[in-house]
Amino acid sequence: MPYLGVDYYPEHWPDEMIKEDIKGIKDLGANIVRMGEFAWHLMEPEEGMFDFSYFDSVISALKEQGIKIMFGTPTATFPAWLAHKYPSILSENEDGQVRVFGGRRQYCFNSELYRKYAAMITKRLTEHYADEPAIISWQIDNELGHEGSDQCYCEKCHEQFHRYLKNKYQSIDTLNETWGTIFWGQTYNNFNEIPVPKQTITTHNPSLKLDWARFRSNSINSFTHEMTGIVRKVKGEHQTVTTNVSGGFFDKSFDHEENVKKMDFVSYDNYPVWGGLEQPIEPASIAMTHDFNRGLLNKNYWIVEELMGAQGHDVIGYLPRPNQAKMWSYQAFAHGCSDMLYFRWRGMTKGAEQFCYGVVDHDNQYGRKYKEVQSLFEEIKENDHVLQSPIKADVAVLYDYDNIWSWKGQVQSKGFDFNEELLRLYRPFYKLNTPIDVIPTNRDLSNYRVVVVPVMQVVDRHLSQKLEQFAETGGTVLFSYRTGLKDRDNNLRLGEILPGPVREMVGARVEEIESLTGAHKLKLTGKGEFAHTYGEISVWRDLLVAEEADVLYEYSDNFYNQYAAVTQNNVGKGMVYYIGGGLNEEPLDRIAKNILSSHGITFIETPENVEVYERLVEKESYIFVMNHSGSLQLYDGEELEPYTGKIIKK
Ligand code: GAL
């Protein structure tokens, strides 16, 4: 039976309500709650006075109902006494302003003092519950690096940054040479002169910015590893360790794969709509977040915060329509979520999250949302074997954090958004309902047949050789624009024609480039098998000259209509595509279909907004069906009610 439950904050409610709450949770069909992750003060009200009695009594009440617990280490919200006593633990924003006590996550990852106190509460808490059979898992902190907490520009970080650079470059001359500090006369005589990238006039050196992002990543990840190490050392054998990944993972300055590598499994917080959004994010985008989380440890994962009600802090927006949140849960299970907890049991009447609605609202009635969750739990619990089954994808979408941070520091086009560019190439395969892995470039590719490499401007020889070999042996590689522009130091290469290290496999060269905006669209004309079809390009364009490759689309505007926009090249037994800009959906759909067909990869065509996902358990096929729309849809001759989510056994 999967773990199914809610995030429960018993400390928010009068003691008299606890028994009734637990009964309500039990009647929901839950067998687990997550708790404790913000309750440091309750466990250590004064320095060194540890007291876990409150949770002892809640745990014994939960045990009476047979409910298990995931317990959060509470380091995301430190107590006021700690900040008061040691203001140096507080992080600083880019303007040098100290983030005062009051919100959350406003600690500095490089504060030794913070680490000391965080390590202490983590250790004492884990020790206290190491033998508690009801606690089956530990969550480290909460949404590490979220809400801007990945950045801190304080003096401690500045010092550590110097140390990081010294360690990396050894000599200041090497750093000067690598960064090209000769430009604007920025040559450093010693490491202590190097700034952190706070506000300046115009912009900082690109190599400095990339090293800063790597340094931030190290800071967060070393904190995570330290806390994880403490829990691992002390915890009971029956207890696992995880941490909850928040959304927006490509916007953050830390390498998520590194962050979770010491965890037993990944947990994800799934909010398809949050804050003032008028509409949820599109289904493909939600799907991509699941595939990313599954890709982190290359196995099925948990969701420890699944949205049910409207959410936001001071501003809220869209309320999921009846059954829509339930359908999103089906989608999550389809993509590899094995166990799920809803955020949160009941909306809180006080504090910063008054408008984060839960399974139950402030009126404390067990209404529509309660029944929805109850029915989901009832339906899904029989399907543990399906939820546990591994997913095998033929298509992989690759990302690399150096590349992401390189783009973040220089977006080059007003229309550029990394997430959107990944989605642009993910979407056409998603629409064909074929499983996709979203994984870092360092993974073994030999089990894939198609590798999609969106906007990979940082490419080193190692990666280009790996991709070339993949194509040589029969794989298909799909690149998009700006590929191969930069080296690992975030610099351009002198004397090299783009797309640099992958030019030969692409079989085309980039002669000139133009940055377009998202709204500036240019017409493309199809050639060869794409003749009489048209495309549109925005955000960016590479003006390509085909060398070995065939041209699929070319530009049609004055002056540049001799250039190709999309090419295709035979390499060994495989094929390499190059998409020279932000291509629109139609031609991409065509290309994706050609690619899947050429490999004999099964795909399922469905009406827009109907997603299906096949899971195989031994030889048996289970089809997850999701209607993402508010209207009736047809799938396989059957009518789907608005926001249906279900499993059909074939
Ligand atoms: C998550 C967070 C929770 C809660 C929730 C509100 O990002 O982990 O603690 O704040 O959002 O929607």
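Which residue follows α16, and what is the sign of its phi? The structure is a predicted model, in which local features need pLDDT of at least 70 and side-chain atom pairs count only at pLDDT 80 or more, while totals for chains, interfaces and linings use all residues. Residues are numbered from 1 along each chain as its sequence is written, and side-chain values use heavy atoms, with hydrogens and water left out.

Helix α16 covers residues 461–472; helices (H or I, at least four residues) and strands (E, at least two) are DSSP runs, numbered from the N terminus. Its end C-alpha atoms lie 16 Å apart, which agrees with the 16 Å expected for 12 residues at 1.5 Å a residue, the expected span being 1.5 Å times one less than the number of residues. The residue that follows α16 is G474, with a positive phi near 115°.

Within α16, L463, S464, K466, L467, F470 and A471 are buried, that is, under 20% relative accessible area, whereas exposed means over 50% and partly exposed in between (1.4 Å probe, protein chains only). Seen down the axis of α16, these buried residues fall within an arc of 160°, so they line one face of the helix; the arc is that of the directions from the helix axis to the C-beta atoms. On the other side, H462, Q465 and Q469 are exposed.

Elsewhere, G336 occupies the loop between α11 (324–334) and β9 (337–343). G336 is buried, with a relative accessible area of 0%. By contrast, W184, in the loop between α7 (172–179) and α8 (206–234), is exposed at 56% relative accessible area.
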